[in-house]
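Colleague: Before I rely on any descriptive words for this model, I would like to see each of them set against its cut-off. Could you show me the structure and then take my questions in turn?

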Amino acid sequence: MNTLRLYFKSIGMLLRSHLQYPSSFIMQTLAQLVMEGGEMLAVILIVDRFGSLKGWSGGNLYFFFGMMSVSFYMTEIFGRGITGDFPSMVRTGRLDSFLVRPRGVLTQVMCAGTDPRRITCVAVGVVALIMGSNISGITWTPLKALVLIESIAMSCLLILGLFMIEAIFCIFSVKSVEIVNAITYGGRSACQYPINVYPLPLRALFTIVAPFALTLHVPASWILGKPLYGWPWWAAVVTPLSGIVVFGIMTVLFHVALRHYRSTGS
Amino acid sequence: MRAYISVFKMRLRMELQYRGAMIGGILCQMFFGLVLVAVYRALYDSKPQSLPIESVVTYVWLQQAFFRMMFGTDSDLLDKIRSGDISYDMCRPINMYGFYYARIVAMKLMGSLMRAVPMLTLAAFLPKGWGISLPASLPGFLLAIPALLLGLLCVCALENITVAFTMRTLDSRGMQGLLTMLMMTFSGNVLPLTLFPDSWQKAITFLPYAQLLDAPIRLYTGVYELSAALGVYALQIFWIIVLIALGNVMWNANKKRMIVQGG
């Protein structure tokens with residue numbers, strides 16, 4: 001609990017420091033809105049031209065897009081320390097000072113960054129979710145709402161776990177490793193569309209290595225009333241837990257890697 | 001003129017040094033390309049369009065291959081603006097706009113060629129319907145090359161306008177982000193412009209963003225007839241002149257009110 005309080009206190013402080021430059025903050029937030037708006041425009045135009053995708057209607061596609069946007073950008077807001085700042089922490093030696101403090105390193109890394117500009121991206125995602133839900137005509141039940149929340153939370157943990165792969169590489173190589181972007185940012189781009197769109201190798205990648213299919217697509221398709229692979233309802237409750245599994249594995253690996261950490265000396 | 005040419009050459013050589021970053025970039029871009037191609041193929045399975053799928057796939061690969069041309073920035077210059085070192089450049093006996101224009105052209109040209117050649121070679125070996133197709137015709141291919149070069153000049157002029165905003169606000173992230181995102185959407189990077197609604201085509205192909213890569217790609221894939229090439233070039237040149245003139249005005253205005261952050 002103490003850790004959690006510490007975390008929210010740090011995030012609050014960082015937020016205030018971001019707001020010290022209001023005009024810059026507003027401009028950047030607007031830029032984010034244009035970015036995510038552009039992504040959504042692309043989906044809308046695709047739906048306008050093609051109507052449906054492998055049996056998924058336009059409303060369904062908006063719903064998938066919204067789930068992905070909300071999960072991904074929530075992760076960036078709350079986990080900026082891992083998703084963005086970590087390579088520079090290693091390069092500049094900021095990580096060294098974390099090692100001597102009486103708190104977990106991961107906690108401190110998480111406390112060290114937030115990206116409130118992404119809030120507009122989350123807003124676009126929420127709009128897409130509502131649009132998708134209305135057009136698809138979902139009848140909401142308490143269980144469905146819970147599954148939605150579980151799915152988003154677990155996807156956040158999954159995304160955080162995937163960004164930790166980059167952090168782990170970074171501990172060894174100092175440089176940020178671009179290729180990992182293929183499953184983080186690439187995963188976002190790819191998995192904003194339902195998984196059965198893709199050929200087998202990509203499907204395997206996003207089910208086994210980076211299980212977006214399990215944390216997002218299985219529960220979302222059940223909520224939409226078109227369960228993926230015809231799996232029963234409890235699959236939608238169980239499979240998202242793979243998010244926390246990935247996060248757990250990566251946390252362990254992260255700590256193992258830290259034992260081999262050599263400061264850059266700068 | 002000789003000064004600009006030597007700046008250009010120096011920058012070409014400099015860009016050639018970063019080969020490690022290149023391989024990571026290529027693999028990443030290849031992955032994105034594959035994902036996009038998979039999506040468009042699935043969409044075409046549901047509802048085929050009058051535009052053949054090969055044309056869309058080729059569009060995607062060319063966009064991915066020339067990613068660096070579109071979205072590479074001169075980070076040295078941005079650092080100089082922030083640190084105030086740009087004041088040294090104002091002492092140089094040549095036009096500052098021209099100096100940086102030559103630099104960014106060289107950077108984008110070399111950066112994108114280094115990535116595009118290996119990427120397009122790889123994409124050509126992918127199975128049919130997944131990889132890049134041959135150009136619609138040999139003349140179409142030959143006509144696309146000057147269009148690509150004009151597109152390069154156009155994107156560099158746009159880039160310098162973005163830089164002019166950075167000079168005003170010092171913080172590059174706001175306005176730059178905004179302009180980059182507009183460019184991403186309206187240059188066909190997020191969704192090929194050929195798949196935008198038909199009623200938008202006239203307006204959207206007139207915008208400067210369509211001159212960068214969309215126009216050359218359309219010539220390559222044969223969406224534009226060969227006879228349209230001259231009109232395309234004319235529109236590109238029109239935008240290059242307008243954007244360079246606008247950039248120059250903005251740079252000169254900024255020079256007068258340049259604030260150097262001491263230290």
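Modeller: What follows goes through the two chains, their helices, a few single residues and the contact between the chains. This is a predicted model, in which local features need pLDDT of at least 70, side-chain atom pairs count only at pLDDT 80 or more, and totals for chains, interfaces and linings use all residues. Residues are numbered from 1 along each chain as its sequence is written, while chains are lettered from A and ligands numbered from 1 in the order in which they are written.

Colleague: What makes up chain A and chain B in terms of helices and strands?

Modeller: Chain A has 13 helices and two strands, whereas chain B has 13 helices and zero strands. Both words refer to DSSP runs numbered from the N terminus, with helices being H or I over at least four residues and strands being E over at least two.

Colleague: How do you know that the radius of gyration of chain A agrees with a compact globule?

Modeller: The radius is taken over C-alpha atoms, and the globule rule is 2.2 Å times the number of residues to the power 0.38. For the 266 residues of chain A the rule gives a value near 18 Å, and the chain has 19 Å, which agrees. Chain B, with 263 residues, is likewise expected near 18 Å and has 19 Å, so there is agreement here too. Along the principal axes, the C-alpha trace spans about 55 × 40 × 35 Å in chain A and about 60 × 40 × 35 Å in chain B.

Colleague: Why is helix α9 of chain A called largely enclosed?

Modeller: A residue is buried if 20 or more other C-beta atoms, placed from the backbone, lie within 10 Å of its own, exposed if 12 or fewer do, and partly exposed in between. In α9(A), residues 181-191, eight of the eleven residues are buried, so the helix is largely enclosed by the rest of the structure. Among the buried residues are A:N181, A:I183, A:R188 and A:C191. Over the whole of chain A, buried residues make up 45% of the 266, and in chain B 43% of the 263 residues count as buried.

Colleague: How many residues of helix α12 in chain B are buried, and what covers them?

Modeller: Eight of the eight residues of α12(B), residues 214-221, are buried, including the charged-class residues B:D214 and B:R218. The cover includes α3, α8, α10, α11 and α13 of chain B. The helix is followed by B:G222, whose phi is positive, near 85°.

Colleague: Is A:S173 buried or exposed, and how do you know?

Modeller: A:S173 has 11 C-beta neighbours inside 10 Å and therefore counts as exposed. This residue lies in helix α8 of chain A.

Colleague: What is noted about the phi of A:K54?

Modeller: Most residues other than glycine have a negative phi. A:K54 has a positive phi of about 45° although it is not a glycine, and it lies in the loop between β1 and β2 of chain A. With 13 other C-beta atoms within 10 Å, A:K54 is partly exposed.

Colleague: Why are helices α4 and α8 of chain A called roughly parallel or antiparallel?

Modeller: Angles under 35 degrees count as roughly parallel, over 145 as roughly antiparallel, 65 to 115 as roughly perpendicular and the rest as oblique. The axes, which are lines fitted to C-alpha atoms over the stretch in contact, give angles from 0 to 180 degrees between N-to-C directions. Helices α4(A) and α8(A) pack at about 10°, with their axes 9 Å apart, and are therefore roughly parallel to each other. Residues are in contact if their C-beta atoms, placed from the backbone, lie within 7 Å, and those that meet here include A:F86 and A:V90 in α4(A) with A:F163 and A:M164 in α8(A).

Colleague: What does the contact between the two chains consist of?

Modeller: The contact takes 28 residues from chain B and 32 residues from chain A. On the side of chain B, the largest share, twelve residues, comes from α2(B). That side divides into 19 nonpolar, six polar and three charged residues, where Ala, Val, Leu, Ile, Met, Phe, Trp, Tyr, Cys and Pro count as nonpolar, Asp, Glu, Lys and Arg as charged, and the others, Gly among them, as polar.
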